[in-house]
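Student: I'd like a close look at one part of this model, with cut-offs spelled out as you go. Here it is.

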Amino acid sequence: RDVMAGIKALIALAFFGSCGALLVVLGCALPSYGSWWPLFVLLPYILAPIPSTVVNRCSERTAVSSVSYEVAVFLTTGIIVSAFGIPIVLFRNGEIEVGAMGLTMAGSMLVFFTEFLYFVVFRSDDDEWAYSLVN
């Protein structure tokens with residue numbers, strides 16, 4: 001029963017992540033937009049969970065607020081903000097249309113919401129990062 005709940009959660013996460021990626025690709029591929037520059041947001045999608053994951057795997061679980069934990073949160077926040085900043089900068093420079101910017105930002109919201117849910121749903125009890133997000 002617990003295994004089925006995990007599989008259902010994984011399928012839901014895959015669906016939300018796929019919808020976010022679809023919005024980003026639509027922001028690039030629709031003929032009225034015709035610019036593939038918004039695909040640069042894929043890099044922050046990949047980089048965002050890395051700092052927190054590395055700190056959770058490598059650091060000791062002695063203090064709730066360690067320096068490495070705070071640096072990981074800072075880096076993750078910077079990466080997420082850059083994912084939302086890329087389409088804005090591209091729009092302001094005239095490289096993409098406002099619709100492409102909207103689709104890309106909506107896709108970013110879905111992808112980062114999916115990453116957040118992944119860490120909440122599949123957290124372990126001794127995971128400091130997930131503990132601070134949920135409790």
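Student: From the N terminus on, in what order do the elements of the protein run? Once that's clear, please zoom in on the nonpolar surface patch and on what can be said about the helices around it.

Tutor: Quick ground rules: this is a predicted model, where local features need pLDDT of at least 70, side-chain atom pairs count only at pLDDT 80 or more, and totals for chains, interfaces and linings use all residues. Residues are numbered from 1 along each chain as its sequence is written, and side-chain values use heavy atoms, with hydrogens and water left out.

The order you asked about is α-α-α-α-α-α: 6 helices and 0 strands (DSSP runs numbered from the N terminus, H or I of at least four residues for helices, E of at least two for strands). Of the 135 residues, 30% are buried (under 20% relative accessible area, with exposed over 50% and partly exposed in between, using a 1.4 Å probe and protein chains only). The protein exposes about 8400 Å², and carbon and sulfur atoms supply 71% of that (Shrake-Rupley areas, 1.4 Å probe, only the protein chains shown counting as cover for residues). As for contacts (heavy atoms within 4.5 Å), take those with a separation of 6 or more: 70% of them join residues 24 or more positions apart.

Now your patch. Leu43, Ile46, Leu47, Ile50 and Val54 make a nonpolar surface patch of about 450 Å². The elements giving two or more residues to this patch are α2 (42-47) and α3 (50-58), and α2 provides the largest share, 3 residues. Patch members need over 30% relative accessible area and no salt bridge (Lys or Arg side-chain nitrogen within 4 Å of an Asp or Glu carboxyl oxygen); nonpolar side chains (Val, Leu, Ile, Met, Phe, Trp, Tyr) are joined within 5 Å, like charges within 9 Å.

Let's pick one residue from each of those two helices. Leu47 sits in helix α2, and it counts as partly exposed because its relative accessibility is 35%. Ile50 sits in helix α3 and is also classed as partly exposed, because its value is 40%. Ile50 takes us on to another helix too: Ala72 is 22 residues away in sequence, yet the C-alpha to C-alpha distance is 8.6 Å.

Ala72 is one of the buried residues of α4, along with Tyr69, Thr76, Ile79, Ala83, Pro87 and Leu90. Helix α4 runs over residues 67-92, so to speak 26 residues, and reaches 36 Å from first C-alpha to last, close to the expected 38 Å (1.5 Å times one less than the number of residues). Thr76, in that same helix α4, counts as buried because its relative accessibility is 10%. Skipping residues up to four places away in sequence, Thr76 touches Ala48, Pro51 and Ser52. Just after α4, Gly94 takes a positive phi of about 80 degrees.

Ala48 turns up again from helix α5. Glu115 lies in α5 and is in contact with Tyr45, Ala48 and Pro49, leaving aside neighbours within four places in sequence. Despite the charge-bearing name, Glu115 is classed as buried because its relative accessible area is 19%. Among the other buried residues of α5 are Met101, Met105, Val111, Phe112 and Phe119. Helix α5 itself (residues 98-121) has 24 residues and reaches 34 Å, close to the 34 Å expected.
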